[in-house]
Amino acid sequence: MGDKKTKTVLGSSEVDITKVCRDIRGVEDIVLWAVENDWMENRFQQFDTRIFPFTDQADVSEWDSHLLDRYTPLYCNTVETCTDCPLGPCNLSSGKGVCGLEFEGYQARLSLRKACRGCSTQMVHSRELLDYAIKVFGREKEVSWGAHHDASDLSHIGLFTCIPMGGQNLADLDRALAYAEAQLVKLSSASFTGTDAIELEGMVFHAGSMLMIGKDVIELIKMSLFGLTNASDHEVSEMIDWPEVNVVGGLGNVEPGKPVITFMGDTFLLAYLVANQLKEKGLTEKVEVCGIGPAGDDLARFYERVRPLAPMTKARKILRYGISDVLVGGSSCMNLDILEDTKRVGTRVIWVSRDKNIGLPDRTDSFVDDIVKDLVAGAPGAWIRLPEKAAEVALKVLQQVKRKGDYRLSEEKAKAEAKKCREDCDLCFSNCPNSLLLSKAVQQVAKEGIKALAEVEKGCFGCGACVKICPENIPLLDLIVASMEKRAPGDKFKLRPGRGPLPRVETSSWAFSSMWGNTPGICHLLGCGDAKHEEDLGWIAYELTARNFITFVAGCAAGEVARHFNEKTKKYIFDEFGAEANLRNLINTGDCAACVHILDQAMKWPRTGAGASHYGNFAETADIYGNLVSPPLLVWGALPDRMYPIVAAWARGGCPVVVGPESAFDWHRFLPGNKWDWKRWWYYDSWTRKKRPVEPAPKHMIIPVETREEAVTAVTIMCQRPVAIRDFRLIGLETYVEFSLAAFGEWPDDWPLFVRSSWELPVRYKAKMLRELADKHGWEVERLNLKRAKHPDGRLVDMETMQNEFSCMGGVYPTRVPRMFPDPEIRNYKTSYEIGVKEKKS
Amino acid sequence: MSAKRPSELATCLKSKKRALLLTGALCNELNFDGKSLLDYAAEIAKKLKLPVAATANTAKGLKERGVEKVAKKYAAEIVDFIRGPEWKEPITTEKPELLIFLGYSPKVARGLTSGVKGAETVALGNVYIKEANYSLGDASLKQYQQNLEQLIKAL
Ligand code: SF4
Ligand code: SF4
């Protein structure tokens, strides 16, 4: 340790960081920085505070295990036989494997593998951009979260590594990313050797957290060094309409006759280089630049002429539609056989990822003119691992290539193909992951023509499963793509580009208004575009935002939401709602990586509301955040593996997650909570250190649902928290009942579980609720008031006892982690429920 | 488990005293020349006097079709409750011994039935679900309709 400084003074206290850190060697500087710049004196006085720089999963298990205890993993799509080691195979359905592995442990291993797979697709991309940035700008190049961010603004980098916010440079990012990569290696290893299901599921959470570090890193680089929008560099007063809704997307907005270059997947750097060349050469009006998946969302943040087309999951359909002359493709969240599609339509592919090829010749060392000549002459594509060279080739090919038309099926051909369809088959329907009624539609095509496929086409994401199974070898995907021609001219939407991060100065302004009421809640929206009904995400965003939710969206979901058009107001959704982080606003943070801003800003709560620093302090941050706010995440379309660790990161922060529709049911593991089992629902009252029963809130941690109506209803009730105050609870319960009645024609069965007092009942339903509580649930009612309540343990108790014994009314400070108990000798106040009113301790 | 003929499944369904029917999103989407899958769901529920956990948006339609013991539920919640030591879900007083899944796409049916511990499962779809204890076999939509008709007749 040598003579490195390990002590500092906060207020009147001396803090010795060797006492709060298990092993301070090598991290003295960053821990001292965090203590001096963000930690508060009282946390060291009153709590058993510990700091975990470069956190291991085991350091956070005190929190992970509580989550997994309340929300017991439910394994689906299980696999019985383990073949992970040479001792096997072992069938685990009848007992332990040779190595001691049990059935649940094996399912947890599979869950962790899925999380690691998803996480690594992001890490590869983050690493590629970071290495490039270091090469071009040097390790000392500063990066910044923006002018309004300060030490107290949370990032997953700070949360898990303790590396300071502010004054960061690329070397710091390298240190953070190297840590996350090393953790990922450990987790991948454990996914083949671990045996304890709960420990392995904790690692799934950890994979999610590491993924978020990868996203923080890449976002910082893009904003700091490549000029992507950053709201933290703008005034809060601008945010109501910033960035402007100035990007138009969809096939209908691509001008015919112009050369089209499309960027797909995680190809931000190439998009940046090409867009800049277009600007420099004055070509922006002469070519159409399109984006599929994250590339489209990224482009929107610095090149307003981009045309985002579709989410990653629908890439094959778009490519086969044949709109692109040149495709710049790279690794992404999906593995797609894109060459099969691009070859049919003559699109030239420039593949740029360094981590893998897709069967193209490696032309990295060829001369630019040679590559261009070959591609223009008809070569299907080239793998070029030098970004600048790839950009130059892409632009030159774009200006020279001429493709033949007529690559879509004609009406006659489509009818002829459709006539081959067997009357009594339906294999395409049975094998379609979205259960689209393709067979019936194909039979209609034979009579009515391609338009009969219109509905199916909207729900199809182009996986090709139907093509493989069809016994008549009907080119079903070609039929579907041909039917897009009718819809394409009207396929238009308007997008507000992503804004990047949300500084605390902005979120603080609504933090308390949301807690004090006026809104049923906050909702985070993500989704990969594979949902069966394309309009679902727009509908969901509209329903929630119009009801005063604060709605955040990012990634491919933003483009799907942007399609929502209100026929009454004649406005697209982003024109209809404001964009500041406030009630009844719809906030787009950016591409898939930019979803991290949503979670980062949300997890600031413990710092804003409780003064707890986040640096190296995940468990306490999650405990406070999870108990107080932790808005739900709704994932609509969950096909790519990357979504699995994203969801884990949210859930680990205590944010309940609703996933759907079809693709979510393919997942291995959910985290449901049993609302009827009251003994599972408790907190410690940190003053008395005793357990208190509470309502089941949030009901679930990760739960799949089938329909959009189920989704909004579940999200609404999962906003409720035992510490929430009257107005928030009242509006939430009212909205929950309303959604239920509208969609299902009945009251939700569990609303009584959320009742604690008569003044928290929504006025609109109060009389009916009181009657029901009295008639069906054994409560005692006097006029419009509750007189005696049914405690979950079955006792009929007066309302004062209910308040004193149940839930978190009257200033109870809840925690799930015993280490978070404040020291009773030091606290100054007794809480109101102990003594009726707040009074100074003598 | 191998696929069962409708008559075999009917015998199985009739033999269970504590069965719960779950009706999923496809009930509202599949139509067989004027008769919807929800109609079949209602017929099965009525014939066997089954309580119905109406998942997705199926509750309203089932009530309109005169099914009495029906309540809106979430499919994954039921799968979760059934594994617990104590059954407290008010849709039935006793823990069901058999869960009957109707109106779930194969992907959803596989996910749900594979998660059930503590009860047997029946999948009444047009695709054989190997994860279920009992399942109808692979069928075209026409054959599927015939399967449902035969099943209802045999109940
Ligand atoms: S390509 Fe479309 S219609 Fe065919 S199976 Fe896939 S999603 Fe279904
Ligand atoms: S799989 Fe082929 S033959 Fe069978 S119904 Fe579908 S399109 Fe017709």
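This report describes the overall build of chain A in a predicted model and then turns to some individual residues of chains A and B.

**Overall build of chain A**

Chain A holds 33 helices and 28 strands. Because a compact globule of 842 residues would be expected to have a radius of gyration near 28 Å, the value of 28 Å found for chain A agrees with that expectation. Along the principal axes, the C-alpha atoms of chain A occupy a box of roughly 90 × 70 × 65 Å. Buried residues make up 66% of the 842 residues of chain A, while the accessible surface of the chain amounts to about 29200 Å², with 50% of that area belonging to carbon and sulfur atoms. When contacts in chain A between residues at least 6 apart in sequence are considered, 74% of them join residues at least 24 apart. As for charge, chain A carries 106 positive and 115 negative side chains, and the centres of these two sets are 2 Å apart.

**A:Asn77 and its surroundings**

A:Asn77 sits in the loop that runs between β3 (74-75) and β4 (81-82) of chain A, and its phi is near 50°, a positive value in a residue other than glycine. The relative accessible area of A:Asn77 is 14%, and the residue therefore counts as buried, the cut-off being under 20%. Apart from neighbours within four places in sequence, A:Asn77 is in contact with A:Phe665, A:Asp666, A:Trp667 and A:His668, and also with B:Arg110, B:Gly111 and B:Ser114 of chain B. One of these partners is also reached through a polar contact, since the side chain of A:Asn77 comes to 3.2 Å from the backbone oxygen of A:Asp666.

**A:Arg783, with positive phi**

A:Arg783 likewise is not a glycine and has a positive phi, of about 50°. A:Arg783 lies in the loop between β25 (780-782) and β26 (785-790) of chain A, and with a relative accessibility of 82% it counts as exposed, because that value is over 50%. A:Asn77, by contrast, is buried at 14%.

**Cis peptide bonds in chain A**

Two peptide bonds that lead into a proline are described as cis, one from A:Gly660 to A:Pro661 and another from A:Ala697 to A:Pro698. The table sets out each bond with its omega value and the loop in which the proline is found.

| Cis peptide bond | Omega | Loop holding the proline |
|---|---|---|
| A:Gly660 to A:Pro661 | near -20° | A:Pro661, between β20 (657-660) and β21 (669-670) of chain A |
| A:Ala697 to A:Pro698 | near -5° | A:Pro698, between β23 (690-693) and β24 (702-704) of chain A |

**B:Ser36 in chain B**

In chain B, B:Ser36 belongs to strand β3, which covers residues 35-36. B:Ser36 has a relative accessibility of 9% and so counts as buried, being under 20%. Leaving aside neighbours within four places in sequence, the residues in contact with B:Ser36 are B:Cys27, B:Leu30, B:Asn31 and B:Arg65.

Terms used. Residues numbered from 1 in each chain as written. Chains lettered and ligands numbered in written order. Predicted model: local features only at pLDDT ≥ 70, side-chain atom pairs only at ≥ 80, totals over all residues. Heavy atoms only, no water. Helix = DSSP H or I, 4+ residues; strand = E, 2+ residues; numbered from the N terminus. Rg over C-alpha atoms; globule rule 2.2 N^0.38 Å. Buried < 20%, exposed > 50% of the residue type's maximum accessible area, 1.4 Å probe, protein only. Contact = heavy atoms within 4.5 Å. Areas by Shrake-Rupley, 256 points an atom, 1.4 Å probe, with all protein chains shown as cover. Lys, Arg positive; Asp, Glu negative; His and termini not counted. Charge placed at Lys NZ, Arg CZ, Asp CG, Glu CD. Polar contact = N/O pair within 3.5 Å; in protein donor to acceptor, adjacent residues only side chain to side chain.
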